[in-house]
Amino acid sequence: MKKMILVTGGTGYIGSHTSVELINEGFEVLIADNLSNSDISVLDGIEKITGTRPLFEKTDLSDAIQTQKLFEKYPGISAIIHFAAYKAVGESVSIPLKYYYNNLNSLMLLLKNMEEKGIQNLVFSSSCTVYGEPDTLPVTESSAIKPASSPYGNTKQVCEEILRDTSAANDNLKIISLRYFNPIGAHPSALIGELPLGIPNNLVPFITQTAIGLREELKVFGVDYNTPDGSAIRDYINVVDLSKAHVTAIKRLLENKNRKKLETFNLGTGNGFSVLEVIKAFEKASGEKLKYKIVGRREGDVEKVYADTQLANTELGWKAGTGLEETLLSAWKWEKQLRKNKNQAK
Ligand code: UD1
């Protein structure tokens, strides 16, 4: 019997790639998503890659009745990976309640239903945003949690606190919280990838959209940081590598290999690249010249952050393997495929 994994937000960017890896590893995937920031056609991509169409329920997980119905319909869930959340930093500043309501309620309702149904295993999608501007680099899992610079970031911090307290009070729950650095790239098949709605906030979708001609030019937000070339440094992690870490985490929980009731791992490469280095790597990988302009810093950005990956490497047994250029090339392939599909649909 295949073990059923509930993937909330499974039609989203990281959720869809993780669903592929779970299916490839022999799990049955049940996706619950409200499609607020994703498209149902993602299921076709997952099916084309794996030969299996995941189960799908359109569910708003911040709604108590819908969530309860989901758990009643699927009594066989073995573990949950919780991706479903709003993630636009800027929007969270202007509409904070939307973020607090959705991101906190959905986690609390999942935990409540897990307790009621005796589901023990949860993998939570957290972020390196919890470290803010770190005092020392690379950041380890025990580095200080800094005051959040946005309501979005705060929802990740509060969710981690909810997990901490719920885990302390419940001996049956096993939780792994994964703090992602900057996920980029797409599945090498170019059948799934990131689908930003409107103007992208994140660097790599903005780069690929500029290269394909959808955007006039990329704005580099600041070259006056204390870094070798002055632009800000991040740890860019390949989305397929990142997705595989979720499968590893799920297996760790299902096989009772976790050492604590609540474990936290950084998911990054351990290497920091500056914005200007990413641009150069993209140009080299794609053979395209990118139009860009240097502008002032973006509010709320940190100067540099990259992961200490030792705990994930040794304890979780996971390591990111794909290089930056290969990852950027996958993002570029996806962007070209996406535009081809859109033009055909016209
Ligand atoms: C952002 C979020 C972070 C979230 C992560 C998830 C902020 C402040 N932080 O991280 O909380 O977990 O996304 O995806 O938004 N850049 C440009 N020009 C652009 C876009 C970005 O120069 O058009 C630069 C940024 O200034 C930054 C780097 O590229 O130095 C990466 O930016 P981005 O992809 O938005 O990620 P983060 O800001 O690191």
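## Exercises on a two-domain predicted chain

Glu216 sits in the loop that links helix H7 (203-211) to strand S8 (218-221); helices (H or I, at least four residues) and strands (E, at least two) are DSSP runs, numbered from the N terminus. This is a predicted model, in which local features need pLDDT of at least 70, side-chain atom pairs count only at pLDDT 80 or more, and totals for chains, interfaces and linings use all residues. Residues are numbered from 1 along each chain as its sequence is written, and side-chain values use heavy atoms, with hydrogens and water left out.

**Exercise 1.** Decide whether Glu216 is buried or exposed, and find its contacts.

*Solution.* Start with the cut-offs: buried means under 20% relative accessible area, exposed over 50%, and partly exposed in between (1.4 Å probe, protein chains only). Glu216 has 61% relative accessibility, so it counts as exposed. Next, look for contacts, meaning heavy atoms within 4.5 Å. With neighbours within four places in sequence set aside, Glu216 touches Thr210 and Lys291. Finally, take a distance: Glu216 and Tyr236 are 20 residues apart along the chain, and 24 Å separates their C-alpha atoms.

**Exercise 2.** Carry out the steps of Exercise 1 for Leu109.

*Solution.* First locate Leu109: helix H5 (residues 96-117) contains it. Its relative accessible area is 13%, so Leu109 is buried. Beyond neighbours within four places in sequence, the contacts of Leu109 are Leu61, Ser62, Asp63, Ala64 and Thr67. For Thr67, the C-alpha to C-alpha distance from Leu109 is 7.1 Å, across 42 residues of sequence.

**Exercise 3.** Look at the backbone: what are the phi values of Leu35 and Asn256, and which residues does the cis peptide bond join?

*Solution.* Begin with the background: most residues other than glycine have a negative phi, and most peptide bonds are trans. Leu35 has a positive phi, near 60°. Leu35 belongs to the loop between strand S2 (28-33) and helix H2 (42-50), and its 22% relative accessibility makes it partly exposed. Asn256 also has a positive phi, near 55°. Its loop runs between helix H8 (239-254) and strand S11 (262-267), and at 54% relative accessible area Asn256 is exposed. Now for the peptide bond: the cis one joins Leu137 and Pro138, with omega about -5°. Pro138 lies in the loop between strand S5 (121-127) and helix H6 (151-169).

**Exercise 4.** Step back and describe the whole chain, from its secondary structure to its domains.

*Solution.* Count the elements: the chain holds 11 helices and 13 strands. Then compare its radius of gyration (over C-alpha atoms) with the globule rule, 2.2 Å times the number of residues to the power 0.38. The radius of gyration is 19 Å, close to the 20 Å from the rule for 346 residues, so the chain is as compact as a globular protein of that length. Of the 346 residues, 53% are buried. For contacts between residues at least 6 apart in sequence, 79% join residues at least 24 apart.

Now split the chain, using domain bounds from an automatic or database domain assignment. Domain 1 covers 4-185 + 238-267, and domain 2 covers 203-234 + 270-345. Their contact takes 26 residues from domain 1 and 23 residues from domain 2. The C-alpha centres of the two domains are 24 Å apart.
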